[in-house]
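Student: Could you take me on a close look at one part of this model, the aromatic cluster, and then show me how the rest of the chain is built around it?

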Amino acid sequence: QVQLVESGGGSVQAGGSLRLSCAASGYTYGTGCMGWFRQSPGKEREGVAAITTGGGTTYYADSVKGRFTVSRDNAKNTLSLQMNSLKAEDTAMYYCAAVARGNRPGQNPLTYNYKYWGQGTQVTVSS
């Protein structure tokens, strides 16, 4: 059974930091791109960051570039998102996703479709 379990969310003041983690199990981890997405009430889901299999290439939404850092540890089957200089507009439910599928060549990895999703972890930033 495939499981993606996010942790590390919480409430923080603007300017603060959080580190999200995603523990993966039940499939051949280490294959393919993985991503972080977020969604807040009334808004569409947004791709925040993505990282290739070996971690050599990362992608970020313009809104988080320079503040967020995505990383993965294939030996520990974990995906992480370090979030610094948090803003009120970063408030959302954050989800990790794995096993990209059905995507077109050249498609922006932040818009990838994924087979597996976690349940999400809430991040609330107060101004």
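**A close look at the aromatic cluster**

Tutor: Happy to. Phe37 and Tyr114 are both buried, and they make a good place to start. Please keep in mind that this is a predicted model. The rings of Phe37 and Tyr114 form an edge-to-face pair, with 5.8 Å from centre to centre and 80 degrees between the planes. Phe37 sits in strand β4 and Tyr114 in strand β10 (residues 114-117), so their pairing ties together parts that are 77 residues apart in sequence. The pair also belongs to a wider group: Phe37, Tyr112, Tyr114 and Trp117 form one aromatic cluster. In total, the structure holds 4 aromatic pairs.

From there we can step back to the chain. Its secondary structure comes to 0 helices and 11 strands, so to speak an unbroken β-β-β-β-β-β-β-β-β-β-β when read from the N terminus. Contacts that reach far along the sequence are well represented: counting contacts between residues at least 6 apart, 56% join residues at least 24 apart. As for overall dimensions, a compact globule of 127 residues would have a radius of gyration near 14 Å, and the chain agrees because its own value is 14 Å. The C-alpha trace spans about 40 × 30 × 30 Å along its principal axes. Of the 127 residues, 39% count as buried. The chain exposes about 6,500 Å², and carbon and sulfur atoms supply 45% of that area.

Next comes the interior. In soluble globular proteins, nonpolar side chains tend to be buried together. Here the largest nonpolar core has 34 residues, and Trp36, Leu81, Met83 and Tyr94 touch the most other members. Strands that each supply at least two residues of this core are β3 (18-25), β4 (34-39), β5 (46-51), β7 (68-73), β8 (78-83), β9 (92-100) and β11 (121-126). The largest share, 5 residues, comes from β9. Leu81 is a helpful residue to select in your viewer: leaving out residues up to four places away in sequence, Leu81 touches Leu18, Arg19, Leu20, Trp36, Val48, Ala49, Phe68, Thr69, Val70 and Tyr94.

Two polar residues in loops round off the tour. Gln107 is placed in the loop between β9 and β10. Gln107 counts as buried because its relative accessibility is 11%, and the cut-off for buried is under 20%. The side chain of Gln107 reaches the backbone oxygen of Thr111 at 3.0 Å.

Ser63 lies in another loop, the one between β6 (58-60) and β7. With a relative accessibility of 35%, Ser63 counts as partly exposed. Beyond its neighbours within four places in sequence, Ser63 is in contact with Arg38 and Glu46. With Arg38 there is also a polar contact, in which the two side chains are joined at 3.4 Å. For a sense of distance, the C-alpha atoms of Ser63 and Leu79 are separated by 20 Å, and these two residues are 16 apart along the chain.

To return to your cluster, then: Phe37 and Tyr114 are both buried, and they share one aromatic cluster with Tyr112 and Trp117.

Note on methods
Residues numbered from 1 in each chain as written. Predicted model: local features only at pLDDT ≥ 70, side-chain atom pairs only at ≥ 80, totals over all residues. Heavy atoms only, no water. Core = buried A, V, L, I, M, F, W, Y, C linked by side-chain atoms within 4.5 Å. Buried < 20%, exposed > 50% of the residue type's maximum accessible area, 1.4 Å probe, protein only. Helix = DSSP H or I, 4+ residues; strand = E, 2+ residues; numbered from the N terminus. Contact = heavy atoms within 4.5 Å. Polar contact = N/O pair within 3.5 Å; in protein donor to acceptor, adjacent residues only side chain to side chain. Rg over C-alpha atoms; globule rule 2.2 N^0.38 Å. Areas by Shrake-Rupley, 256 points an atom, 1.4 Å probe, with all protein chains shown as cover. Phe/Tyr/Trp six-rings, centres within 6.5 Å; stacked < 30°, edge-to-face > 60°.
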